[in-house]
Amino acid sequence: MNIQIFGKSKCFDTKKAERWFKERRVKFQSVDVRKYGMSLGELASVKNAVGLEAMVDPGHPDAVLLSYLASNEAKLDKLFEDPTLLRTPIVRNGKQATVGYCPQVWETWS
């Protein structure tokens, strides 16, 4: 497995996800989305796996503004420009991905 966890440093779900993988001795790469963001390719891969609406943090003040953008490409570009709009943690395993704390899905990954 090649696990990447994209999260925010003060997000409790991100810390829970990291702890879940540590307890099972699964190596992972942790990336702070506020500091480093995600590449367009990574965003597109996650979008294909979970859908665009699942990636948006509903608690963010600007989340409503995304609904006014015309195309999915424009919404994806906005998420690329402002990674704080992303719901965390985003956990990737190759082409598979989850958004949020989903240990029942992670157990099925090999």
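Begin by selecting Gln-4, which stands opposite Arg-92 in S3. This is a predicted model, in which local features need pLDDT of at least 70 and side-chain atom pairs count only at pLDDT 80 or more, while totals for chains, interfaces and linings use all residues. Residues are numbered from 1 along each chain as its sequence is written, and side-chain values use heavy atoms, with hydrogens and water left out.

Next, select residues 3-7 and residues 90-93, which are strand S1 and strand S3, paired in the antiparallel sense over four bridges. Strands (E, at least two residues) and helices (H or I, at least four) are DSSP runs numbered from the N terminus, and two strands pair if DSSP finds at least two bridges between them.

Widen the selection to the open sheet, where four strands follow the order S2-S1-S3-S4 with mixed pairing. At its edges are strand S2 (28-32) and strand S4 (96-99), each of which pairs on one side only. Ignoring direction, neighbouring strands of this sheet are turned by 15° against each other on average; axes are lines fitted to C-alpha atoms, for helices over the stretch in contact, and angles run from 0 to 180 degrees between N-to-C directions.

Now add helix H1 (residues 12-23), which packs on the sheet and touches S1, S2 and S3, its direction making about 160° with that of S1. Contact here means heavy atoms within 4.5 Å. Helix H2, by comparison, lies across S1, S3 and S4 and runs at about 80° to S4.

Within helix H2 (residues 40-50), pick out Glu-42. Its contacts, leaving aside neighbours within four places in sequence, are Gln-4, Phe-6 and Arg-92, so the tour returns here to the pair with which it began. Is Glu-42 buried or exposed? With a relative accessible area of 18%, Glu-42 is buried, where buried means under 20%, exposed over 50% and partly exposed in between (1.4 Å probe, protein chains only).

Move on to Glu-81 in helix H5 (residues 72-81), which counts as exposed because its relative accessibility is 60%. Then select Met-38 as well: the C-alpha atoms of Glu-81 and Met-38 are separated by 9.4 Å, although the two are 43 residues apart along the chain.

Finish with Leu-65 in helix H4 (residues 63-66), which at 53% relative accessibility counts as exposed.
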